[in-house]
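Subject: Structure handover

Hello,

I am passing on the structure we discussed. Please find it here, with my notes after it.

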2 protein chains.
Amino acid sequence: MARSSSGSHRSADERRAQLLDAAVDVLREHGLAGLTTRAVTARAGVPHGIFHYVFGSKAALVRALIDRELTGAATAWGAAVATDDLETALRQAFRAQLDLVRADPEHQAAVFELIRAARDDSDVSAAEWERRQYLAEIQRQLVAWSQRGGVTWDAPVEHVAALVLSATDGIVQTWVADRDDARAEASTGLLARAITSLAHTA
Amino acid sequence: MARSSSGSHRSADERRAQLLDAAVDVLREHGLAGLTTRAVTARAGVPHGIFHYVFGSKAALVRALIDRELTGAATAWGAAVATDDLETALRQAFRAQLDLVRADPEHQAAVFELIRAARDDSDVSAAEWERRQYLAEIQRQLVAWSQRGGVTWDAPVEHVAALVLSATDGIVQTWVADRDDARAEASTGLLARAITSLAHTA
DNA sequence: GTCTATAGCATGATAGAC
DNA sequence: GTCTATCATGCTATAGAC
């Protein structure tokens, strides 16, 4: 076998992975507007023509990127929190969601941008699918937490889940915009309290 | 005076307004990616070269657009709601915010996109300014409503305001994404209830 | 002061060489 | 099956005609 890191004439699958990695980097650094086929190939250190041989079109690259980024992201809400106190569980879950973004803001911002753009290109399926995964996962957790804490939701749990997802999205996007840690902290704490008030001891 | 609607050689100010109107249309129909100097001039029915004569650069057009769109938008939260019940006031305010977007979703989506893009171009001031206006207005209303209803906020009112703004943003953006009226309705209603629980009768 | 014609460049894509 | 050279198009911007 040839050395893997240098030399020409690699397989199409190898090129594909290589270009996807490069595309993520470009997206993080220059945003969606800067995501050009030439920037991606330059970043990967391969000739420009390779791009259309591997992906066929730029749209195909974007689709592949979305698939790759969304897969597994839905599990973020799934990490169960081990506590009997509903408010604490909620706060920790919100914090975890925020930490996910804080760990690599540019990356998350890029993913947001991708999803948004995908919606306009009538490539709605991916974004819709993502949202449904999130909602289902949150709803599952809301039920689990309320059972653990011995409380009952005063509103349909799917409504609570929808509010939790939207509100968390809002807080996260606000943080992405202003990077104000204290404000985000305060908002998540208050949101946990407010949401908790939507349940009463059975 | 010459007839105003046809003929060449109009004043630069006239051209400027004409191009701004055209730019908003283009933005609504084709998004920020489709907002090119050629598209704008074509839409306005003027020669392409006019553009750089009037605005100097595309960036100047974007800046002018943001100024125009943000001015007056901050007053949306300012419309006072006449009711003694805090939860009702909140729900009506959230509904009003949602209605504003529902009245012309494409337009609002375009404005969101503009502001987001402006942030990346280190043209932060406009977006920051907007947010501060909103926050101040919401805070003012929160105090007014609580006084009217004879209740006191259990948390710093600026924290409540931050949560209200973020959560409302999240709900609005969710609606823009999925256009699910029922879900938005449920979320605003629940949010009003949840926020109300952050205040107690004095 | 207003507008036209053109420059100069970057893009996405492809025909065909190896 | 892999890659290179090239194309046609669309972009922002400007030099200079009226």
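The notes below cover the fold of one chain, then the core, a cavity and a pocket.

This is a predicted model, in which local features need pLDDT of at least 70 and side-chain atom pairs count only at pLDDT 80 or more, while totals for chains, interfaces and linings use all residues. Residues are numbered from 1 along each chain as its sequence is written, chains are lettered from A and ligands numbered from 1 in the order in which they are written, and side-chain values use heavy atoms, with hydrogens and water left out.

Chain A has nine helices and two strands (DSSP runs numbered from the N terminus, H or I of at least four residues for helices, E of at least two for strands). Their order from the N terminus is α-α-α-α-α-α-α-β-α-α-β. Of the 202 residues in chain A, 47% are buried (under 20% relative accessible area, 1.4 Å probe, protein chains only). For contacts (heavy atoms within 4.5 Å) in chain A between residues at least 6 apart in sequence, 69% join residues at least 24 apart.

The largest nonpolar core (buried Ala, Val, Leu, Ile, Met, Phe, Trp, Tyr and Cys joined through side-chain atoms within 4.5 Å) holds 62 residues. Those touching the most other members are Leu142, Trp153 and Ile195 of chain A and B:Leu142, B:Trp153 and B:Ile195. Neighbours within four places in sequence aside, B:Leu142 contacts B:Leu90, B:Trp153, B:Val157, B:Val160 and B:Ala161.

On a 1 Å grid over the protein atoms alone, a cavity is a set of points where a 1.4 Å probe fits but cannot get out, and a pocket is an open set with protein on both sides within 12 Å along at least five of seven lines; lining residues have an atom within 4 Å of a point. There are five cavities of 30 Å³ or more, and the largest has about 40 Å³ of space (the space filled by probe spheres set on the points, which are joined across faces, edges and corners). Its lining includes A:Trp175, A:Asp178, A:Arg183 and B:Ser166. α8(A) gives the most to this lining, with four residues.

The second largest pocket holds about 210 Å³. Of its 13 lining residues, the closest to the centre are A:Asp178, A:Asp180, A:Arg183, B:Leu135 and B:Ala162. Two or more residues come from each of α9 of chain A and α7 (124–149) and α8 (157–178) of chain B. α7(B) gives the most, with five residues.

Regards

Key. Buried means under 20% relative accessible area, exposed over 50%, partly exposed in between (1.4 Å probe, protein chains only).
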